[in-house]
Amino acid sequence: MASAPRTFLVATVVTGAVLSALGTTAAADPSSPPALNQHAGPSRPLAGLRVLLSNDDSMRAAKASHSDGLGLYELRKALCGAGADVVVMAPWQVQSGKGTAVTNGGTLTLAQRTRMPAEYENDCAGTPSGSPVYGICLSDGPCAADSPSATPADTVKFALRTGLAAKAGWTGGPDLVVTGINSGPDVSAQVNDSGTVSAAVAAIDQGVPAVALSSSGDASQTSFPVANYRAHARFAAALLAGMRGRGLFTDRFVVKVDYPDVSAGQRAKAPVWTRVGHGQVVWHAYRPAPRSGAESYDITFGVCPDRPGDPCTETVPNADSTALLTRGHIAVAPVTADRAYGVRTDDDGKLDRLKHYVTHDAPRS
C-alpha cells in the first residue's frame, strides 16, 4: 500500500452536547453476577499494568441492543477492578467488520468522554492516568454525532505511536493492548473481517502483546445481554492475571478469546484451546434492490446451514466456532500476523505454555 506521507493533526475536543447524549444507556442487568469492584478484597493481580483498551463497536454504549460498545465498559470495569491502569482509545462510530482497514490521510480528532454510561461512572477512579475514554473521529474540527470514524486499526496505531504519550504520559507505551468486548463472536472465517481481532493484530505488529475478546449474543444474535459481557469481563481479568503471573504475554500472536451465551442462566464450559476455523457461520449476501434500479444490491447476512457437504460448513478439527457455538465452551485461539502460508516457529515455547495454561490452569467461569 504505497502512498505519500501525510501529516496527522490531532486535536483533543470535548463536544458537550454529543458526549452528554452518549451518557445514556440501558442500566446493567441486575440479575447478572456482580462485577469486580476495584476496592473489594486484598488481591489486585493486575496492579501496575498499563492497558490500552479499544474495540470496533465504538465507545458510545447507547443502543438498547448493547451492540455499540457496552462490552468495552464492562471490560474497563473489570480490568480497573483488578488493579490495571486502563486508557480507552476507540472508534467514534461502530466499525464492525472493518478488518485491518486503515485511513491514509486527513485528520484524526480525539473527543474525550466526560460522563460515562449509567452505572460505570467511577469504575476506574484513582488510576494513575485517570483512565480517560476517547473516541476518535476523522475530522479537522470537533467530533460531531455524524462525523466519520477512525477504524479499529487506526485507533491502536495512533494510540501506540502518538496518543498515549500525548494524553496519558505513557512514553514507554502500554504493557498490553486489549480489544473488545465485541458484540458477537469472532470465529472461523469471520476472523478475517473482524475489527476486534485486527485491532489486536495492529498491536502485535508494533511489538505490543494483545488479547482480543468477543462475546456471543443471545439466541437471536441480535441482542447482546449485559450478563454475557459481565461474565466474560470477569473471566478475562482472571485469565490475564494468570497469564501475567506466568510470563505469557507475547507479541508473537494475538490471544483470541470468545465467550458463549450465558444470558439464560447457563454456565460457560471450561476454556479450550482451539484453531481458527475455515467455515462461514455468517456470510455477506447481496440481493437485488429493485427500488433503487437494476444496478443496486442490498447487503444482507446469511447463516450457514451447517450440513455435511455444504461449502460453508466447518471442517477444521478443533475449530473455535465448534467449541463455542456447538459445545458452549470458552474458545481460545492464537492468531498470528503472518501474511505467508504457515506460522512462526514456537522457538520460545510460549505457545505451548499458553496452551497448557488454558487447558489445565485457566480460570473457570
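This section describes the fold of the chain, one buried helix, one core residue and one surface patch.

The model is predicted. The chain holds 365 residues, and 53% of them count as buried. Its secondary structure consists of seven helices and 12 strands. Contacts were considered between residues at least 6 apart in sequence; of these, 81% link residues at least 24 apart. The accessible surface amounts to about 15700 Å². Carbon and sulfur atoms account for 52% of that area.

Helix 2 covers residues 70-81. Its length was checked against the expected rise. At 1.5 Å a residue, 12 residues should span 16 Å. The C-alpha atoms at the two ends lie 17 Å apart, so the expected and computed spans agree. The helix is mostly covered, with 12 of its 12 residues buried. The buried set includes nonpolar residues such as Leu70, Leu72, Leu75 and Leu79. Charged residues are also on the list, among them Glu74, Arg76 and Lys77. Tyr73, Ala78 and Cys80 are buried too, as are Gly71 and Gly81. Cover for these residues comes from several elements. Among the strands that provide it are strand 2 (50-54), strand 3 (85-91) and strand 5 (133-138). Strand 6 (176-183) and strand 7 (210-215) also contribute, together with helix 5 (226-245). Just after helix 2, Gly83 adopts a positive phi of about 105°.

Strand 6, one of the elements covering helix 2, contains Val178. The relative accessibility of Val178 is 0%, so this residue counts as buried; the cut-off is under 20%. Neighbours within four places in sequence were set aside when its contacts were listed. Val178 then touches Val51, Leu52, Leu53 and Ser54. Its other contacts are Leu75, Val211, Leu213 and Leu240. Leu75 is itself one of the buried residues of helix 2. Val178 and Leu52 are 126 residues apart along the chain, yet their C-alpha atoms are separated by 6.3 Å.

The surface was also examined for nonpolar patches. Val282, Phe301 and Val303 form one such patch. Together these three residues have about 300 Å² of accessible area. Val282 belongs to strand 10, which runs over residues 282-288. At 31% relative accessibility, Val282 counts as partly exposed, because this class lies between the 20% and 50% cut-offs. Val178, in contrast, is buried at 0%.

Note on methods
Residues are numbered from 1 along each chain as its sequence is written. This is a predicted model: local features need pLDDT of at least 70, side-chain atom pairs count only at pLDDT 80 or more; totals for chains, interfaces and linings use all residues. Side-chain values use heavy atoms; hydrogens and water are left out. Helices (H or I, at least four residues) and strands (E, at least two) are DSSP runs, numbered from the N terminus. Buried means under 20% relative accessible area, exposed over 50%, partly exposed in between (1.4 Å probe, protein chains only). Contact means heavy atoms within 4.5 Å. Accessible areas come from the Shrake-Rupley method with a 1.4 Å probe; for residues, only the protein chains shown count as cover. The expected span of a helix is 1.5 Å times one less than its number of residues. Patches are made of residues with over 30% relative accessible area and no salt bridge: like charges are joined within 9 Å, nonpolar side chains (Val, Leu, Ile, Met, Phe, Trp, Tyr) within 5 Å. A salt bridge is a side-chain nitrogen of Lys or Arg within 4 Å of a carboxyl oxygen of Asp or Glu.
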